[in-house]
Amino acid sequence: MAYRLAQMQSQHDAVVHAAQDIYRDKGKICWINPNGEKNKVRGAYWIDIIVANTESDSTAWLIEIETEDSVSQSEAQDQWSRYSTEYGHWHLAVPSGSEDKAKQLLVDNSVLNCTIITWQRNGDGAHTF
């Protein structure tokens, strides 16, 4: 679980739920693990979002959502590094404008197998990726 400020947890969870809605609207099966919920494990970890074409998650997309305050050295060192060794490939979703910081943290902590994607909250309150 991220070391994020308490007031940012609701933002994190809103992004997780928005991603779930987007994937389900596209006909995908989507499991989420927001705010310490443990709905679907992948390997040894409860990554935020697991998306698959079928109930079998063997070829699933794995996504970890971060908020502005959790794009940090502690997250990179403690969580992202573990995902790097556990998963063949995974996605790191960071707020738009945080990608350079996230890229540098990935390099500094030798995090591999990761693709950065961005999210933002639009003026109407909807989230886009």
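These are my notebook entries on a predicted model of one protein chain.

**Entry 1: overall build**

I started with the element count. The protein chain comes to 3 helices and 6 strands, and from the N terminus on I read them as α-β-β-β-α-β-α-β-β. The radius of gyration is 14 Å, close to the 14 Å that the globule rule gives for 129 residues, so the chain is as compact as a globular protein of that length. Along the principal axes, the C-alpha atoms fill a box of roughly 35 × 35 × 25 Å.

Next I pulled the burial and contact totals. Of the 129 residues, 44% count as buried. Of the contacts with a separation of 6 or more, 53% come from residues 24 or more positions apart. The exposed surface is about 6,700 Å², and carbon and sulfur atoms supply 47% of it.

**Entry 2: the sheet**

How are the strands ordered in the sheet? I found an open sheet of 6 strands, S1-S2-S3-S4-S5-S6, with mixed pairing. The edges are strand S1 (29–32) and strand S6 (127–128), each of which pairs on one side only. As a reminder to myself, strands of a sheet pair through backbone hydrogen bonds, either parallel or antiparallel.

I then looked at one pairing in detail. Strand S4 (residues 90–95) and strand S5 (residues 114–121) run in the parallel sense and share 6 bridges. I noted one of the partners: Trp90 is bridged to Cys114 in S5.

Helix H3 (residues 99–108) packs on the sheet and touches S4 and S5. The direction of H3 makes about 155° with that of S5. I checked helix H2 (residues 73–86) too: H2 lies across strand S3 (61–65) and S4, and runs at about 155° to S4.

**Entry 3: aromatic pairs**

I searched the whole structure for aromatic pairs and got 4. I wrote up two of them.

Tyr23 and Trp61 form a stacked pair, 6.4 Å centre to centre with 15° between the planes. Which parts of the chain does this pair tie together? Tyr23 lies in helix H1 (residues 6–25) and Trp61 in strand S3, so the pair links parts that are 38 residues apart in sequence. On accessibility, Tyr23 is partly exposed at 22%, just as Trp61 is partly exposed at 32%. For Tyr23 I had to recall the cut-off: buried means under 20% relative accessible area.

Tyr83 and Tyr87 make a tilted pair, with 5.4 Å between centres and 45° between planes. Are these two rings' residues buried or exposed? Tyr83 is buried, with a relative accessible area of 3%, and Tyr87 is buried at 4%. I also see that Tyr45, Tyr83, Tyr87 and Trp90 form one aromatic cluster. Trp90 turned up in the last entry as the bridge partner of Cys114.

**Entry 4: two lysines**

I looked up Lys40 and found it in the loop between S1 and strand S2 (49–52). What does Lys40 touch, not counting residues up to four places away in sequence? My list has Trp31, Asn33, Trp46, Ile50 and Asp57. I also took the distance to Glu55: 11 Å in space, C-alpha to C-alpha, for 15 residues in sequence.

Lys26 sits in the loop between H1 and S1. Lys26 counts as exposed, at 61% relative accessibility. I picked Tyr87 as a distance check: the C-alpha atoms of Lys26 and Tyr87 are separated by 24 Å, with their positions 61 residues apart along the chain.

**Entry 5: positive phi in one loop**

Last, I went through the backbone of the loop between H3 and S5, which holds Ser110 and Asn113. What is phi at Ser110? I get a positive value of about 50°, although Ser110 is not a glycine. Asn113 is not a glycine either, and has a positive phi of about 60°.

I compared how much each is covered. Ser110 is exposed, with a relative accessible area of 56%, while Asn113 is partly exposed at 32%.

Conventions: Residues numbered from 1 in each chain as written. Predicted model: local features only at pLDDT ≥ 70, side-chain atom pairs only at ≥ 80, totals over all residues. Heavy atoms only, no water. Pairing = 2+ DSSP bridges. Helix = DSSP H or I, 4+ residues; strand = E, 2+ residues; numbered from the N terminus. Contact = heavy atoms within 4.5 Å. Axes fitted to C-alpha atoms, helices over the stretch in contact; angles between N-to-C directions. Rg over C-alpha atoms; globule rule 2.2 N^0.38 Å. Buried < 20%, exposed > 50% of the residue type's maximum accessible area, 1.4 Å probe, protein only. Areas by Shrake-Rupley, 256 points an atom, 1.4 Å probe, with all protein chains shown as cover. Phe/Tyr/Trp six-rings, centres within 6.5 Å; stacked < 30°, edge-to-face > 60°.
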